[in-house]
Amino acid sequence: MISDVAANQKILILDSETVRIVDCCVSLPEILDCGIFLLENLSVGRQPYPNMAAIYLMKGTKANVELLSKDFFLDSSHKSRSTGKYGEAHIF
């Protein structure tokens, strides 16, 4: 699934429950071999990388959706343009 995202540099963002699941199933080298540049926790403040693709692997809870929505917001100076931490978002 991660390999199917066509981007040169990808950031994998996981919620706390998904971190435990991924940790049991996949090793860090296997994740990095899929083109992941950085692993991040959804609930922790993260640095923006507007030129990278973000891959969100998270449980569909209200709290997670609220955290996700904070990463992408409408630019108040240009009502039709959205801005955010990442250039692309792929949500699983």
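## Strand E1, covered on both faces

Buried here means under 20% relative accessible area. With that cut-off in hand, take strand E1 in this predicted model: Lys10, Leu12 and Leu14 point to one side, Ile11 and Ile13 to the other, and all of them are buried. That fits the usual pattern, in which side chains of a regular strand alternate between the two faces of the sheet. Since 5 of the 5 residues of E1 are buried, the strand is largely enclosed by the rest of the structure.

E1 has strand partners too. It runs parallel to E2, joined by 5 bridges, and Ile13 has Glu40 as its bridge partner in E2. E1 also pairs with E3 in the parallel sense, again over 5 bridges, with Leu14 standing opposite Leu57 of E3.

## How far to trust it

The average pLDDT of the protein is 87, and 89% of the residues score at least 70. Handily, E1 (residues 10–14) has the highest mean pLDDT among the elements, at 96. The lowest is 68, for strand E5 (residues 82–84).

## Leu12 and the nonpolar cores

Leu12 sits in E1, and its relative accessible area is 1%, so it counts as buried. Beyond its neighbours within four places in sequence, it is in contact with Ile2, Ile31, Ile36, Leu38, Leu39, Glu40, Ile55 and Leu57. His90 is 78 residues away from Leu12 in sequence, but the C-alpha to C-alpha separation is 9.6 Å.

Leu12 is also part of the largest nonpolar core, a set of 10 residues that includes Ile2, Val5, Val22, Ala53 and Ile55. E1 and E3 are the elements that give two or more residues to this core, and E3 gives the most, with 3. A second, separate core has 9 residues, among them Ile13, Ala54, Met58 and Tyr86. In soluble globular proteins, nonpolar side chains tend to be buried together.

Ile31 belongs to the largest core as well. Leaving out neighbours within four places in sequence, its contacts are Leu12, Val22, Val26, Ile36 and Leu39.

## A buried arginine

Is Arg46 buried or exposed? Arg46 comes from the loop between strand E2 (36–41) and strand E3 (49–57), and its relative accessible area is 9%, so it is buried. Its side chain reaches the backbone oxygen of Asn41 at 3.2 Å.

Not counting residues up to four places away in sequence, Arg46 touches Ile13, Glu40, Asn41, Tyr56, Asp71, Lys85 and Tyr86. Two of these names have come up together already: Ile13 and Glu40 are the bridge partners from E1 and E2.

Definitions and conventions:
Residues numbered from 1 in each chain as written. Predicted model: local features only at pLDDT ≥ 70, side-chain atom pairs only at ≥ 80, totals over all residues. Heavy atoms only, no water. pLDDT = per-residue confidence, 0-100. Helix = DSSP H or I, 4+ residues; strand = E, 2+ residues; numbered from the N terminus. Buried < 20%, exposed > 50% of the residue type's maximum accessible area, 1.4 Å probe, protein only. Polar contact = N/O pair within 3.5 Å; in protein donor to acceptor, adjacent residues only side chain to side chain. Contact = heavy atoms within 4.5 Å. Core = buried A, V, L, I, M, F, W, Y, C linked by side-chain atoms within 4.5 Å. Pairing = 2+ DSSP bridges.
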